[in-house]
Amino acid sequence: MLAPLTHALARIESVLDRAKLGVKWRFDLWESLQVLPYHGYGRPDRFRLKGRVLDDKRTDSEAGLSWWDNVRLTLRRFESDEIPGAHLRLAYGETALETETDEDGYFDVAFRPEPAPDAHEPWHDVRITLLAPQDGPPATAVARVVVPPPDAEFGVISDVDDTVIRTGATNKLRFARVVLLNNATTRRVFPGVGAFYQALQEGPDGEGFNPTFYVSSSPWNLYRQFMGTFAHRDVPEGPLFLKDFGIDPGKFIKSGHHAHKLDHIGRLLTFYRDLPFVLVGDSGQEDPEIYQQVVARHPGRIRAVFVRDVTDPARDRAVRLIARDLAMRGVPMHLVSDTGEAARAAAALGLITPEAVARVDAATAEEAEP
């Protein structure tokens with residue numbers, strides 16, 4: 001019963017979007033054309049980069065906004081107009097290529113960087129120029145692409161909601177309230193998370209660079225809010241994989257959390273075939289079950305799993321059964337009550353330095369809510 005209605009609504013939405021866009025193209029009624037690149041990832045021989053072109057009023061500083069301003073800001077992120085068929089030029093070193101956005105305003109490119117990126121620098125800039133449409137001077141942006149150095153010990157793949165950022169994702173009303181009433185500077189992270197992820201990034205000698213990737217079932221519309229919160233709360237930056245928002249099959253409203261995360265984790269493990277990974281999540285949704293499947297599908301690739309305990313004892317028992325299964329496969333999984341506990345377990349596994357544990361404990365105490 002719902003499928004025909006969903007498809008009908010999707011068709012109506014598509015027709016209205018095309019009509020609105022057609023008027024803007026014909027009469028040059030652009031508000032503020034923007035190129036929004038998402039953090040990319042790469043190897044010395046290949047970069048992957050995604051982003052979106054939007055017609056959206058630019059967002060000023062989010063500090064000090066009222067709750068009503070936060071609501072308006074969030075709604076504006078969801079109602080921004082994507083630009084299909086926009087033409088872009090990407091440039092890195094001697095490499096230059098052109099691409100165009102799809103029907104939802106996204107561009108997604110892979111290319112060989114020339115010259116190969118400096119192996120000692122993990123972050124690399126790709127300059128993007130919007131060629132058409134134009135409203136005054138061409139819109140430009142700089143995308144950041146992470147390339148793990150040759151001596152990286154492992155990569156980190158982390159969930160976001162209720163793992164890094166306090167969300168209450170298992171309660172839809174609470175989730176909506178948190179998203180609507182907050183902005184990048186007021187979203188709360190769990191105490192000590194920034195220090196713990198920094199310790200994982202620095203690795204067992206405290207001097208390395210292990211890349212961090214984030215996978216969430218939240219919509220791409222919240223990308224800027226998430227990245228702003230990471231920066232504001234000193235959480236290490238990294239590529240963030242979200243979902244499209246809409247009523248079409250495969251988009252945020254329709255598609256499953258499980259398949260989305262499993263797909264993106266699998267892509268990362270395939271892309272970085274020689275790099276082991278540490279997985280971090282929470283017990284509130286399906287992270288333990290997803291990570292169990294990852295371990296089964298990619299034997300020998302996962303160094304450890306950390307799961308934040310945000311659920312009741314009944315759920316904890318199910319999670320511990322998964323931990324037992326992973327232990328039999330040679331992968332330690334820790335169900336932890338706080339970030340300090342995760343840090344101590346990571347140090348015992350040789351993933352971070354003992355000195356880093358003290359820093360995580362200090363940050364956890366300092367950032368704890370009164």
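Contact here means heavy atoms within 4.5 Å. With that in hand, let's look around this predicted model. By that measure, and leaving aside neighbours within four places in sequence, Phe-196 is in contact with Thr-339, Ala-342, Ala-343, Ala-346, Ile-352 and Val-360. Phe-196 also helps to hold together the picture of the largest nonpolar core, where Phe-196 is among the residues that touch the most other members.

**The nonpolar cores**
- The largest nonpolar core has 40 residues, and Val-164, Phe-196, Phe-306, Leu-351 and Ile-352 touch the most other members.
- Two or more residues each come from helices H4 (193–202), H5 (223–232), H9 (339–348) and H10 (354–367), and from strands E12 (240–243), E13 (277–282) and E14 (302–308).
- H4 gives the most to this core, namely 5 residues.
- Another core, of 32 residues, lies apart from this one and includes Leu-275, Leu-279, Val-319 and Leu-335.

**Helix H4**
- Most of H4 is covered, with 7 of its 10 residues buried.
- Those buried residues are Val-193, Gly-194, Phe-196, Tyr-197, Ala-199, Leu-200 and Gln-201.
- Their cover includes strands E10 (155–158) and E11 (212–219), along with E13, E14, H9 and H10.
- After H4 comes Gly-203, which has a positive phi near 80°.

**Helices H7 and H8**
- The axes of H7 (residues 287–297) and H8 (residues 313–328) come within 10 Å and cross at roughly 10°, so H7 is roughly parallel to H8.
- H7 brings Pro-288, Glu-289, Gln-292 and Val-295 to the contact, while H8 brings Arg-315, Val-319, Ile-322, Asp-325 and Leu-326.
- By type, the residues of this contact are 5 nonpolar, 1 polar and 3 charged.

Definitions and conventions
Residues are numbered from 1 along each chain as its sequence is written. This is a predicted model: local features need pLDDT of at least 70, side-chain atom pairs count only at pLDDT 80 or more; totals for chains, interfaces and linings use all residues. Side-chain values use heavy atoms; hydrogens and water are left out. A nonpolar core is a set of buried Ala, Val, Leu, Ile, Met, Phe, Trp, Tyr and Cys residues joined through side-chain atoms within 4.5 Å. Buried means under 20% relative accessible area, exposed over 50%, partly exposed in between (1.4 Å probe, protein chains only). Helices (H or I, at least four residues) and strands (E, at least two) are DSSP runs, numbered from the N terminus. Axes are lines fitted to C-alpha atoms, for helices over the stretch in contact, and angles run from 0 to 180 degrees between N-to-C directions. Angles under 35 degrees count as roughly parallel, over 145 as roughly antiparallel, 65 to 115 as roughly perpendicular and the rest as oblique. Ala, Val, Leu, Ile, Met, Phe, Trp, Tyr, Cys and Pro count as nonpolar, Asp, Glu, Lys and Arg as charged, and the others, Gly among them, as polar.
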